[in-house]
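User: I have a protein model open and I am new to this. Can you teach me how to read its features one at a time?

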Amino acid sequence: MPNHNSDRRNFIKTAGIAAAGIGLTGLPSFLHAQSGAAGNAFVQQPLLYDYKGLEPVIDAMTMEIHYSKHAATYAKNLADACAAEKVDTSSAKLEDVLRNISKFTPKMRNNCGGHYNHELFWQCMKPGTATKPEGKLATAIDQSFGSFDTFKTQFTDAGKNRFGSGWAWLVINSDKKLVIGSTANQDNPLMDISELKGTPLLGLDVWEHAYYLKYQNKRPDYIANWWNVVNWEFVQKRFELG
Ligand code: MN
């Protein structure tokens with residue numbers, strides 16, 4: 001059995017050095033990219049729109065419970081796990097913990113993933129009616145999937161077919177290829193234990209807590225409407241940085 005404590009100490013040392021510069025892939029934290037400020041990525045950030053902002057696609061009560069209860073709990077439990085597992089959140093990078101998640105406990109896996117996934121998810125959406133990607137991302141989607149409509153169908157299927165709770169993703173992998181997939185629970189494609197690997201560009205929460213009040217069991221209806229609130233400028237920015 002590997003010595004997890006020793007692995008973890010070595011990782012923490014490395015992460016301390018990496019934190020002084022740029023992330024392992026050269027991709028800055030999405031939070032820093034968004035705000036230009038050194039906000040602590042381990043802490044829940046303010047929503048950039050109010051709870052009603054995504055209506056009628058996502059109702060205000062779902063947003064309020066999702067953000068202030070579900071996501072806030074992941075952030076709190078992440079803080080507890082970091083304290084217990086000796087991650088210095090003032091110097092470590094959130095993404096580096098995810099990339100080394102096999103060295104940590106299931107509590108860290110569930111809550112570090114849960115926190116990262118939700119922080120990304122809020123920014124993947126914005127009030128108003130979404131159009132479609134433009135520029136280099138639009139070209140890459142056409143080249144990778146044939147057309148934007150085919151991309152949407154494949155991404156929708158990834159969300160519909162994820163059994164139980166989880167996430168659908170568009171990622172850019174280490175070969176700079178766009179890939180669609182899904183992960184279970186709060187896993188994500190940055191994790192070393194994930195089958196789907198890459199940097200998430202767009203994530204969709206398909207846990208029932210994300211849609212049940214308005215859509216009940218009709219996950220496909222939630223996904224079909226969700227396309228109307230996707231923040232393509234944000235996804236494009238992440239693609240261009242990656
Ligand atoms: Mn959620």
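User: Which residues does N117 touch, not counting residues up to four places away in sequence?

Analyst: Keep in mind that this is a predicted model. To read contacts, skip the sequence neighbours and see what remains. N117 touches W167, W169, Q186, D187 and N188.

User: Where does N117 lie, and is N117 buried or exposed?

Analyst: Place a residue in its element, then check its accessible area. N117 lies in helix α5, residues 106-123. Its relative accessible area is 0%. Buried means under 20%, so N117 counts as buried.

User: What does the side chain of N117 reach?

Analyst: Look for polar partners. The side chain of N117 reaches the backbone oxygen of Q186, at 3.1 Å. Q186 is also among the residues that N117 touches.

User: Let me step back. How many helices and strands are there in the protein chain?

Analyst: Count the elements, then read their order. The chain has ten helices and three strands. Along the sequence the pattern is α-α-α-α-α-α-α-β-β-β-α-α-α.

User: What share of the residues counts as buried?

Analyst: Of the 242 residues, 49% count as buried. Look at the outside too. The accessible surface comes to about 11,400 Å². Carbon and sulfur atoms account for 53% of that surface.

User: What share of the contacts joins residues at least 24 apart?

Analyst: Here you compare position in sequence with position in space. Take contacts between residues at least 6 apart in sequence. Of these, 69% join residues at least 24 apart.

User: Now the metal. Which residues are the protein donors of the manganese ion?

Analyst: Read a metal site by its donor atoms and their distances. The donors are H66 (NE2), H118 (NE2), D205 (OD) and H209 (NE2). They lie 1.9 to 2.1 Å from the manganese ion.

User: How are the donor residues spaced in sequence?

Analyst: The spacing is H-x51-H-x86-D-x3-H. Each x number tells you how many residues fall between two donors.

User: Are D205 and H209 buried or exposed?

Analyst: Use the accessible area again. D205 has 0% relative accessibility and counts as buried. H209 has 18%, and buried means under 20%, so H209 counts as buried as well.

User: Next, salt bridges. How many does the structure hold?

Analyst: A salt bridge pairs a side-chain nitrogen of Lys or Arg with a carboxyl oxygen of Asp or Glu. The structure holds five salt bridges. One of them joins D80 and K76, with the closest N and O atoms 3.0 Å apart.

User: Where do D80 and K76 lie?

Analyst: Both lie in helix α3. They are four residues apart, about one turn of the helix. Their exposure can be read too. D80 is partly exposed at 32%, and K76 is exposed at 52%.

User: Which residue does R109 meet in a salt bridge?

Analyst: The side chain of R109 meets that of D187, at 2.8 Å from N to O. R109 lies in helix α5 and D187 in the loop between β2 and β3, so the pair ties together parts that are 78 residues apart in sequence. D187 is buried at 11%, whereas R109 is partly exposed at 31%. You have met D187 before, among the residues that N117 touches.

User: Which residue forms a salt bridge with E233?

Analyst: That residue is K126, with the closest N and O atoms 3.2 Å apart. E233 lies in helix α10 and K126 in the loop between α5 and α6, so the pair ties together parts that are 107 residues apart in sequence. E233 is partly exposed at 46%, and K126 is partly exposed at 31%.

User: K132 is in the loop between α5 and α6 too. What is K132 in contact with?

Analyst: Leave aside the neighbours within four places in sequence. K132 is then in contact with F148, W232 and Q236. K132 and F148 are 16 residues apart in sequence. Their C-alpha atoms are 8.1 Å apart in space. K132 is partly exposed, at 46%.

User: Last one. Which residues make the nonpolar surface patch?

Analyst: Look for nonpolar side chains at the surface. M61, I65 and L213 make a patch of about 280 Å². M61 sits in helix α3, residues 60-84. Its relative accessible area is 53%, and exposed means over 50%, so M61 counts as exposed.

Key. Residues are numbered from 1 along each chain as its sequence is written. This is a predicted model: local features need pLDDT of at least 70, side-chain atom pairs count only at pLDDT 80 or more; totals for chains, interfaces and linings use all residues. Side-chain values use heavy atoms; hydrogens and water are left out. Patches are made of residues with over 30% relative accessible area and no salt bridge: like charges are joined within 9 Å, nonpolar side chains (Val, Leu, Ile, Met, Phe, Trp, Tyr) within 5 Å. Accessible areas come from the Shrake-Rupley method with a 1.4 Å probe; for residues, only the protein chains shown count as cover. A salt bridge is a side-chain nitrogen of Lys or Arg within 4 Å of a carboxyl oxygen of Asp or Glu. Helices (H or I, at least four residues) and strands (E, at least two) are DSSP runs, numbered from the N terminus. Buried means under 20% relative accessible area, exposed over 50%, partly exposed in between (1.4 Å probe, protein chains only). Donors are N, O and S atoms within 2.8 Å of the metal (3.2 Å for Na, K and Ca); water is not among the atoms, so sites may look incomplete. A polar contact is a pair of N or O atoms within 3.5 Å; within protein, one must be able to donate a hydrogen and the other to accept it, and residues adjacent in sequence count only if both atoms are side-chain atoms. Contact means heavy atoms within 4.5 Å.
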